[in-house]
Amino acid sequence: MKRILMAVVLAALMLPIDRTPVQAGEVDVLLFKLVEKGILTPSEAQIITDETKLQVSKDLAQGKSLSVPDWTQRIKWGGDVRFRTQGDWGNPVFNSNNNSSALHDQRIRERVRGRFYMEGKANDFTYAGVRFAGGDVKSNSTNDTLDAYFNKKYAMFDQYYIRFEAPPDLVRDYGQYFSDVKLWLGKFQNPFESSELVWDTDINPGGIALQYTSPDIKLGSLPAFNVYTNDGMFWLDEMIASNADPLLFVFQGGLKTDTFGPLGSTLNAATSIYNFSNLKGKTPSTASVSAGTNTRTKGGGNATGPGAYAYEYNVFDLLIQLDNAKVMDMEFPHGFYADFIHNPSVPEQGNGALVGAYIGKKKIKVPGDWKARAEWRYIERDSIPDFMPDSDFYGFGTFTVGQTGLNAGNNGLGKENGTNGKGINLCLDYQLLKNTSVSLEYYWMKPIKSWDKTQPWNECQFDIITKF
């Protein structure tokens with residue numbers, strides 16, 4: 001660096017006296033002048049150029065660049081826009097009370113999603129972030145359907161959080177133990193290893209979460225692995241008339257392996273306990289939050305909608321993911337995954353499963369990357385609260401207008417993001433351009449239990465997604 005500074009000073013002295021201060025982008029011009037006047041050889045100038053680029057890269061990485069404002073080095077931002085064409089079709093459903101389903105025999109929609117986030121580094125171990133997203137206030141969707149004669153659409157915060165990471169002195173002195181620990185406060189992305197059987201990808205839980213991953217563990221001939229834990233406490237509802245608010249406590253433990261075996265495999269396995277505390281006997285303060293497919297009491301008084309949850313939900317979850325990089329020494333990414341849930345707090349209809357496989361890149365990034373996957377899903381009526389699963393996969397309702405008893409069997413009404421549904425999900429993703437991909441996804445769904453012999457329901461989505 002001394003050589004660089006000397007060369008820059010000499011060049012600056014040779015330039016006109018009224019010249020503005022030297023900028024980093026003018027180094028090449030200055031070096032050319034030095035070579036032209038015989039002070040440096042071309043090879044020496046090239047060495048200085050390479051050293052300058054390397055030093056600038058290091059300074060930027062450490063937030064020390066003098067040529068870029070400090071705040072720009074502490075803040076990152078980005079977002080995405082998705083345009084979706086969605087078709088739904090099947091046969092109209094009439095339940096045993098002769099009430100027509102809200103589903104039509106065919107429906108075509110254009111839907112748009114827009115999201116924008118910013119995250120800033122407050123100090124060496126504190127970060128804060130916010131994200132805006134379109135859609136309505138429901139937690140499980142950021143879609144805006146194009147309708148209402150060009151009316152404007154809402155944009156809301158769907159994330160705002162503070163994240164603490166291990167302080168530098170702990171990492172320096174005890175890095176092998178504390179280099180990967182995070183504490184989240186606020187409303188943030190799902191911090192758990194999970195599938196769409198349990199978590200819709202648009203849900204951002206609000207509360208407190210702790211994540212920790214151990215250093216590498218090596219035991220004899222076994223592949224190296226890490227153990228991890230993700231734990232959290234989240235508010236589901238704040239009820240002014242109750243001192244027992246519905247809460248969600250999650251305890252998850254698992255392990256991830258390094259690459260092993262002839263297929264270049266990695267394994268991720270996790271077990272979780274989801275304790276939906278104080279949910280039994282409560283009616284959601286916002287009716288639209290629930291699909292109404294769990295077993296619920298009838299609405300009180302003259303109410304025609306479903307009432308309070310009839311059962312507790314203490315759900316055990318087992319998740320397994322196996323990713324392989326090759327076949328017969330040829331690069332051929334593929335994998336298998338499964339998720340199983342069981343709610344022992346209900347007398348029946350408390351199990352769920354998702355089994356799937358894929359070929360192609362696990363995450364597509366480079367133009368030409370592709371991924372094809374297929375899944376089978378099965379989610380019984382009370383295996384999980386009906387505000388949690390994937391909102392694109394239909395459950396089938398247990399409550400109908402005019403029903404006078406407990407909603408225990410009349411399952412004719414299809415409900416987005418509900419339970420009491422089974423079917424398949426097929427998807428093909430392709431990276432078309434840099435930061436732009438397309439996706440084609442198909443769902444075939446029908447109820448697990450239905451007195452009405454409901455016909456299968458179909459859904460097809462074509463997405464164009466651009467990230468920035």
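Trainee: Why is the pair Lys-256 and Glu-193 called a salt bridge?

Mentor: Look at the gap: the closest N and O atoms of Lys-256 and Glu-193 are 3.1 Å apart. A salt bridge needs a side-chain nitrogen of Lys or Arg within 4 Å of a carboxyl oxygen of Asp or Glu, so the pair qualifies. Lys-256 sits in strand β9, Glu-193 in the loop between β6 (181-187) and β7 (206-213), 63 residues apart. This is a predicted model: local features need pLDDT of at least 70, side-chain atom pairs count only at pLDDT 80 or more, and totals for chains, interfaces and linings use all residues. Numbering runs from 1 along each chain as its sequence is written, and side-chain values use heavy atoms, without hydrogens and water.

Trainee: Why does Lys-256 count as partly exposed, and why does Glu-193 count as buried?

Mentor: Buried means under 20% relative accessible area, exposed over 50%, partly exposed in between (1.4 Å probe, protein chains only). Lys-256 has 35%, so partly exposed is the right word. Glu-193 has 19%, so Glu-193 is buried. Elsewhere, shared salt-bridge partners join Glu-196, Arg-373, Glu-375, Arg-377, Asp-390 and Glu-441 into one network. The whole structure holds 21 salt bridges.

Trainee: What makes Asp-80 and Arg-113 a salt bridge?

Mentor: Their side chains meet at 3.2 Å, N to O. Asp-80 is in strand β1 and Arg-113 in strand β2 (residues 106-123), 33 residues apart. A strand here is a DSSP run of E, at least two residues; a helix is a run of H or I, at least four; both are numbered from the N terminus.

Trainee: Why is Asp-80 called buried, and why Arg-113?

Mentor: Asp-80 has 9% relative accessibility, so it counts as buried. Arg-113 has a relative accessible area of 9%, so that residue is buried too.

Trainee: Which other salt bridge does Asp-88 form?

Mentor: Asp-88 pairs with Arg-109 at 3.4 Å, N to O. This one links strand β1 to strand β2, with the partners 21 residues apart. Asp-88 is buried, and Arg-109 is buried as well.

Trainee: Why is Arg-84 called buried?

Mentor: Its relative accessible area is 3%, so Arg-84 is buried. Arg-84 lies in strand β1 (residues 75-89).

Trainee: What joins the side chains of Arg-84 and Gln-461?

Mentor: A polar contact of 3.4 Å. The limit is a pair of N or O atoms within 3.5 Å; within protein, one must be able to donate a hydrogen and the other to accept it, and sequence neighbours count only if both atoms are side-chain atoms. Arg-84 also touches other residues (heavy atoms within 4.5 Å), among them Arg-109, Glu-110, Asn-143 and Asp-392.

Trainee: What makes the largest nonpolar core a core, and which residues touch the most other members?

Mentor: A nonpolar core is a set of buried Ala, Val, Leu, Ile, Met, Phe, Trp, Tyr and Cys residues joined through side-chain atoms within 4.5 Å. This one has 32 residues, and Trp-199, Tyr-274, Phe-276 and Ile-384 touch the most other members. Elements giving two or more residues include β9 (247-257), β10 (266-277) and β13 (313-327). A second, separate core of five residues includes Leu-31, Leu-34, Leu-40 and Ala-45.

Trainee: Which residues does Trp-199 touch?

Mentor: Beyond four places in sequence, its contacts include Phe-192, Pro-205, Leu-248, Tyr-274 and Met-388.

Trainee: How many helices and strands does the protein have?

Mentor: Five helices and 21 strands. Buried residues make up 42% of the 468.
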